[in-house]
Amino acid sequence: MGRAVTVATCALNQWALDFEGNLERIFRSIDIAKSKGARYRLGPELEICGYGCSDHYYESDTLLHSFQVLQKLLESPATQDIICDVGMPVLHRNVRYNCRVIFLNKKILLIRPKISLANAGNYRELRWFTPWSKARHVEEYFLPRIIQEVTGQETVPFGDAVLATKDTCLGAEICEELWAPNSPHIEMGLDGVEIFTNSSGSHHVLRKAHARVDLVNSATAKNGGIYVLANQKGCDGDRLYYDGCAMISMNGETVAQGSQFSLDDVEVLVATLDLEDVRSYRAEISSRNLAASKVNPYPRVKVDFALLCPDDVAVPTCMPIEWRHHSPEEEISLGPACWLWDYLRRSKQAGFLLPLSGGIDSSATACIVYSMCHQVCLAVKNGNADVLADARRIVNDETYIPEDPREFCKRVFTTCYMASENSSQDTCNRAKLLAEQIGSYHINLNIDVAVKAVVGIFNVVTGQTPRFSVYGGSSRESLALQNVQARIRMVLAYLFAQLTLWARGMPGGLLVLGSANVDESLRGYLTKYDCSSADINPIGGISKTDLKNFIQYCIENFQLTALRSIMSAPPTAELEPLVDGQVAQTDEADMGMTYAELSIYGKLRKIAKAGPYSMFCKLINMWKEICTPREVASKVKHFFRMYSANRHKMTTLTPSYHAENYSPDDNRFDLRPFLYNTSWSWQFRCIDKQVNAL
């Protein structure tokens with residue numbers, strides 16, 4: 001019987017199909033784990049190929065290259081004398097599985113396929129993989145020849161089994177299986193498994209981290225045991241940011257916590273724990289022991305190897321810690337900032353360009369870029385050589401050291417205020433002052449010449465000149481004139497993104513940032529192909545309410561006093577003529593609803609799965625103190641008319657950082673038609689009938 005065992009888990013910034021980079025990061029994590037005395041190393045889900053390969057999983061190349069990486073790992077001296085648990089896709093009897101490959105000293109011990117696949121929200125695992133449905137069943141897997149040549153094995157166990165070492169027993173879970181109601185760790189724990197492992201590909205959502213932590217701790221609170229969780233981190237090629245949070249828990253308490261947001265590509269957690277603490281914890285839970293006496297046993301793969309430390313009595317063990325959660329404002333400051341850094345360095349561009357209007361949304365986007373610059377300087381100060389090398393390549397200076405966030409911001413961030421005759425001096429001043437405080441390279445320009453030229457072409461062709469409604473024009477004319485301004489801003493944003501650095505005698509191009517929030521997208525309160533059309537959008541999954549709180553956070557933590565006047569100003573598109581030099585147009589008046597109402601509609605529509613009638617039924621109770629049933633009906637109808645009429649805009653929505661579970665992202669998260677019958681006649685008639693009854 002062993003006592004003290006040392007195990008390692010990690011958070012790796014893997015990149016889909018970057019087999020070379022992924023292999024290098026896996027090797028680094030193993031080196032760190034071994035240097036800290038670990039005898040077992042766990043990595044994230046599908047870490048060899050990267051989690052976000054999507055339809056590339058169909059390709060035989062992805063399977064081939066994954067096995068080639070596995071070959072490199074098996075034959076390397078770096079993987080000797082430590083159990084390595086890596087993730088990759090495996091084809092078994094012509095069926096593709098999401099697997100863990102567990103090996104030791106050039107021998108594969110077990111290939112464990114995933115049992116419960118993630119297939120909701122952003123996850124589509126059932127599209128590419130098949131769940132293993134044979135509980136406690138093991139088959140023979142015939143290894144590819146390139147692996148046989150290294151291991152000397154023709155076949156290895158494939159299926160639902162656990163590992164029995166000289167001193168303990170380990171069982172694997174894969175990501176979703178922790179979240180399932182019948183998690184494997186329950187039965188494994190009853191069957192004597194003392195160490196549970198979970199390799200995850202779990203992405204960031206605001207206010208989600210505590211749920212993952214609670215699940216891990218609760219996994220061992222009732223049943224005892226050690227739970228080791230690894231997770232992907234960073235942007236691996238799409239809208240998601242995987243937020244690390246690798247952790248180790250024992251008997252319901254956290255003993256090691258990894259960072260949720262950081263620019264470190266490799267983060268390794270190591271903990272030394274006393275197995276006798278697990279055994280004594282379990283010994284006094286009589287209900288657990290009664291259930292254990294009747295459990296159907298798992299197949300055990302015997303491993304001639306010990307996890308215990310050589311002098312285990314003298315080795316200090318880890319004590320419980322209190323998990324420190326970020327506030328939502330901190331999450332907005334850090335998550336999208338890390339996502340932007342990954343996108344910037346991996347796209348090999350020279351920085352970002354943002355149309356800065358002086359409003360809350362574009363200002364919040366600018367603050368996220370400024371936060372990114374803070375994170376880069378902090379990482380370099382802490383000795384992160386990877387971040388330093390990336391920063392030098394981005395600014396094209398091999399001797400450069402980013403020390404001041406404002407100075408680094410000047411090099412990688414260009415902001416542009418695009419004025420028209422409908423813009424106020426207030427927004428111009430606010431944009432300029434914010435740019436000065438964050439240090440961005442700021443451009444002021446006027447788009448009136450371009451607007452007049454485009455409208456002039458229309459006049460030449462038709463003989464008609466459209467007018468704003470305040471000058472006697474129709475609503476169609478006014479809307480068209482507003483859209484021309486908005487779309488010209490998009491064209492100019494891309495022109496300046498491509499040529500600004502060229503004009504300054506610098507190499508490279510800039511990525512254009514969008515700044516439409518999740519509520520505006522849901523309502524469709526944006527011009528199709530305006531400045532909401534960009535390369536990426538760091539706030540596209542964040543609500544207006546959260547962005548306002550984030551702005552307040554930036555005032556207090558970054559001392560950006562320019563944000564005070566931005567916070568106090570009413571949100572406006574500034575596309576209609578001014579009245580006496582002042583803005584007459586406001587967002588909420590244009591939309592016919594408040595941003596607070598929009599957030600509620602969004603959560604009911606997506607999270608509560610409410611159509612028009614169900615939403616009405618819920619809101620007459622939620623709003624009974626402030627609205628009559630007839631007023632609620634009017635609001636719900638207006639929302640669904642606007643939502644459905646504008647849903648087509650979601651098909652071209654700029655790729656946005658996913659942060660909210662009511663995001664209307666049409667790519668794979670929120671799958672809906674984009675051509676609706678906007679009268680909703682049957683649904684609205686049901687509402688009217690209920691209103692009359694009330």
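A salt bridge is a side-chain nitrogen of Lys or Arg within 4 Å of a carboxyl oxygen of Asp or Glu. Keep that cut-off at hand for these exercises on a predicted model.

**Exercise 1. Decide whether Asp 55 and Arg 127 form a salt bridge, and place both residues.**

Step 1. Check the distance. The N to O distance between the two side chains is 2.9 Å. The cut-off is 4 Å, so the pair counts as a salt bridge.

Step 2. Place the partners. Asp 55 sits in the loop between strand 2 (40-42) and helix 2 (60-75), while Arg 127 belongs to helix 3 (residues 125-128). They are 72 residues apart, so the pair links distant parts of the chain.

Step 3. Check accessibility. Partly exposed means between 20% and 50% relative accessible area. Asp 55 has 33%, so it is partly exposed. Arg 127 has 48% and is also partly exposed.

**Exercise 2. Find out whether Arg 212 and Asp 243 are buried or exposed, and say what their pair ties together.**

Step 1. Confirm the bridge. The side chains of Arg 212 and Asp 243 meet at 2.9 Å, N to O.

Step 2. Locate the residues. Arg 212 is in helix 7 (residues 209-221) and Asp 243 is in strand 12 (residues 242-243), so their pair ties together parts 31 residues apart in sequence.

Step 3. Apply the cut-off. Buried means under 20%. Arg 212 has 2% relative accessibility, so it is buried. Asp 243 has 1% and is buried too.

**Exercise 3. Describe the salt bridge between Asp 265 and Arg 345.**

Step 1. Start with geometry. The N to O distance is 2.9 Å.

Step 2. Trace the chain. Asp 265 lies in the loop between strand 14 (253-257) and strand 15 (266-274). Arg 345 lies in helix 10 (residues 328-347), 80 residues apart from Asp 265.

Step 3. Check burial. Asp 265 is buried at 7% relative accessible area. Arg 345 is buried at 9%.

Step 4. Widen the view. The structure holds 39 salt bridges. Arg 605, Lys 606, Arg 647, Asp 666, Asp 670 and Arg 672 are linked in a network of them.

**Exercise 4. Explain why the largest nonpolar core lies between two domains.**

Step 1. Find the core. It has 64 residues, and those with the most contacts inside it are Trp 341, Phe 352, Met 372, Phe 408 and Phe 413.

Step 2. Find the main contributor. Helix 11 (residues 360-381) gives the most, with 13 residues.

Step 3. Compare with the domains. Domain 1 (4-302) and domain 2 (326-447 + 492-571) both give residues to the core, so it lies between them.

Step 4. Zoom in. Beyond four places in sequence, Met 372 touches Ala 337, Leu 340, Trp 341, Leu 344, Phe 352 and Val 412.

Step 5. Look for another core. A second, separate one has 50 residues, including Leu 117, Tyr 141, Val 156 and Val 266.

**Exercise 5. Contrast Val 460 with Gly 524: which is exposed, and which is buried?**

Step 1. Take Val 460, in helix 15 (residues 448-462). Exposed means over 50%. Val 460 has 70% relative accessibility, so it is exposed.

Step 2. Look around Val 460. With Ile 457 and Val 461, Val 460 forms a nonpolar surface patch of about 350 Å² accessible area together.

Step 3. Take Gly 524, in the loop between helix 17 (518-523) and helix 18 (544-557). At 4% relative accessibility, Gly 524 is buried.

Step 4. List its contacts. Leaving aside neighbours within four places in sequence, Gly 524 is in contact with Asn 646 and Lys 649.

Key
Residues numbered from 1 in each chain as written. Heavy atoms only, no water. Core = buried A, V, L, I, M, F, W, Y, C linked by side-chain atoms within 4.5 Å. Buried < 20%, exposed > 50% of the residue type's maximum accessible area, 1.4 Å probe, protein only. Helix = DSSP H or I, 4+ residues; strand = E, 2+ residues; numbered from the N terminus. Domains from an automatic or database assignment. Contact = heavy atoms within 4.5 Å. Patch = residues over 30% accessible without salt bridge, like charges linked within 9 Å, V, L, I, M, F, W, Y side chains within 5 Å. Areas by Shrake-Rupley, 256 points an atom, 1.4 Å probe, with all protein chains shown as cover.
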